[in-house]
Amino acid sequence: MNISVNFLNSKSKHLNAEHTAAFGRRVDEIRREVMDSLGESDTQYIYKIRNFVRYSEIASRGMLMFGGWIPPVWVVGTGLLGISKIVENMELGHNVMHGQFDWLNDPSLNGANYDWDTIASGDDWKYTHNYVHHTYTNIVGKDHDVGYGLLRVSESQKWEPRFLLNIPLAIQLMVFFEWYVGVQNLHLEDALVYKTKTWKQVWADATKFRKKARRQILKDYVFFPVIAGPNALPVFAGNAVANVIRSLWSSAVIFNGHFTEDAETFEPDNTENETRAEWYLRQIRGSSNFTGTDWLHILSGNLSHQIEHHLFPDMPANRYAEVAPKIKALCAEYGINYNEANCFQQFWSVWVRLAKCSLPNNMTAKITHSCAKVKGIFA
């Protein structure tokens, strides 16, 4: 496109074409420096993560199968299984399926082959997430992650009466997030709300989902309870609760990275012809980071560094903490808003945004104006 980038209603500075190109070259340099230095430490890191997933699952399932009838054992076993599933999805599966460790030439860690422990099939996920979301990040009407067809998270989305339920819909989306991600590629809202797709089409498109869902259901809710014998009920309940724990956590991480108040959304105009540098700017403006401990970063799959992940989706995620200060400094130099706050601040701002977007734009504007006037009286 090679035109100046004007950010309307944005905290980021206007960049002309020359500055945009220079910004992009600096981002490329940061990426190249890291990718050229990949080696043994990255190898050991991902193998340690995989070992943690394996051994924590064995330990947790063992506790549920042999001591699940004892309440404290059930609580610990269920919690550990939930953590194991979180790390498998977030730090292992998600990152491996991005091809972050293809350079190892280990077939078990190859992005094309890996299929994670969740309802969503690897193929469906790689299309909706790796291709659609990472190509059209936060572009309303193109990126299905903008609301998942269920929520209104941008004023650019047409308001409908169903969005009055934005908050309760978001809560149940979090509880059943695994299932929503599994059916995301089916665009159920087209059949349920807009009537642009028949249920026959949905069924035909759901072949991979049905196969994967059947496998996961049989594993968690039939196989493991059956082999547990008299402990079948505690095992069944533990597996169900662990899956909900994973859904709640992973959805919170995704919300924090995409739906905070300062995370921008975009119109589809001109994006087909945008330069790489302009794509970088869109990734930064549409993303949010949150700060925390090392374990918080691991449990989030390092998506606590969502800005860096959107810039470098194929970079091993364990390197994002190293890259983040450089990207932050570069943004400060060019006047680009680097959206970062602690985990709880970002999560609160998500719900503020969801509440605002539950109402028509004109009503939200009136409420905002009234609140500002009241605040001014007591200032």
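Visitor: Which residues make the nonpolar surface patch of about 450 Å²?
Guide: This is a predicted model, with residues numbered from 1 along each chain as its sequence is written. Local features need pLDDT of at least 70 and side-chain atom pairs pLDDT 80 or more, totals for chains, interfaces and linings use all residues, and side-chain values use heavy atoms, without hydrogens and water. A patch takes residues with over 30% relative accessible area (Shrake-Rupley, 1.4 Å probe, only the protein chains shown as cover) and no salt bridge, joining like charges within 9 Å and nonpolar side chains (Val, Leu, Ile, Met, Phe, Trp, Tyr) within 5 Å. This patch, about 450 Å², is made by Leu-218, Val-222, Phe-223, Val-226 and Ile-227.

Visitor: Is Val-222 buried or exposed, or something in between?
Guide: Val-222 sits in helix α9, residues 207-227; helices (H or I, at least four residues) and strands (E, at least two) are DSSP runs numbered from the N terminus. Buried means under 20% relative accessible area, exposed means over 50%, and partly exposed is in between. Val-222 comes out at 37%, so the label is partly exposed.

Visitor: Which helix lends the largest share of the lining of the second largest pocket?
Guide: A pocket is an open set of points on a 1 Å grid over the protein atoms alone, with protein on both sides within 12 Å along at least five of seven lines, and lining residues have an atom within 4 Å of a point. This pocket has 22 lining residues, and the closest to its centre are Gly-141, His-144, Val-146, Gly-149 and Glu-189. Both α4 (122-135) and α7 (188-192) supply at least two of the lining residues. The largest share is three residues, and they come from α4.

Visitor: How many residues of each class are in that pocket's lining?
Guide: The classes count Ala, Val, Leu, Ile, Met, Phe, Trp, Tyr, Cys and Pro as nonpolar, Asp, Glu, Lys and Arg as charged, and the others, Gly among them, as polar. For the second largest pocket, that gives seven nonpolar, eight polar and seven charged.

Visitor: How much space lies in the largest cavity?
Guide: A cavity is a set of grid points where a 1.4 Å probe fits but cannot get out. Its volume is the space filled by probe spheres set on points joined across faces, edges and corners. Searching the whole structure turns up one cavity of 30 Å³ or more, and the largest cavity holds about 300 Å³.

Visitor: And which helix gives the largest share of the lining of the largest cavity?
Guide: There are 24 lining residues, with Trp-116, Trp-125, Phe-177, Val-181 and Ile-254 nearest the centre. Two or more residues each come from α3 (71-97), α4, α6 (177-183), α10 (232-258) and α13 (306-311). By class, the lining has eight nonpolar, 13 polar and three charged residues. The largest share, five residues, comes from α10.

Visitor: Which residue meets Asp-117 in a salt bridge?
Guide: A salt bridge puts a side-chain nitrogen of Lys or Arg within 4 Å of a carboxyl oxygen of Asp or Glu, and that rule gives 21 of them here. Asp-117 is buried at 14% relative accessible area, while its partner is partly exposed at 21%. At 2.4 Å from N to O, that partner is Lys-219.

Visitor: Which residues are linked with those two in a network of salt bridges?
Guide: Asp-117 and Lys-219 both belong to the network. The other members are Glu-57, Arg-61, Lys-85, Glu-178, Asp-220 and Arg-246.

Visitor: How far apart are the closest N and O atoms of Lys-356 and Glu-261?
Guide: Both partners are partly exposed, Lys-356 at 37% and Glu-261 at 38%. These two form a salt bridge, and the closest N and O atoms are separated by 3.1 Å.

Visitor: Are Arg-282 and Glu-274 buried or exposed?
Guide: These two side chains form a salt bridge, with the closest N and O atoms 2.4 Å apart. Arg-282 and Glu-274 are both buried.

Visitor: What is the phi of Asn-105?
Guide: Most residues other than glycine have a negative phi. Asn-105 lies in the loop between α3 and α4 and is exposed at 70% relative accessible area. Asn-105 is not a glycine, yet its phi is positive, about 60°.

Visitor: Where is His-187 found?
Guide: His-187 also has a positive phi, near 50°. At 27% relative accessibility His-187 is partly exposed. Its place is the loop between α6 and α7.

Definitions and conventions. Buried means under 20% relative accessible area, exposed over 50%, partly exposed in between (1.4 Å probe, protein chains only).
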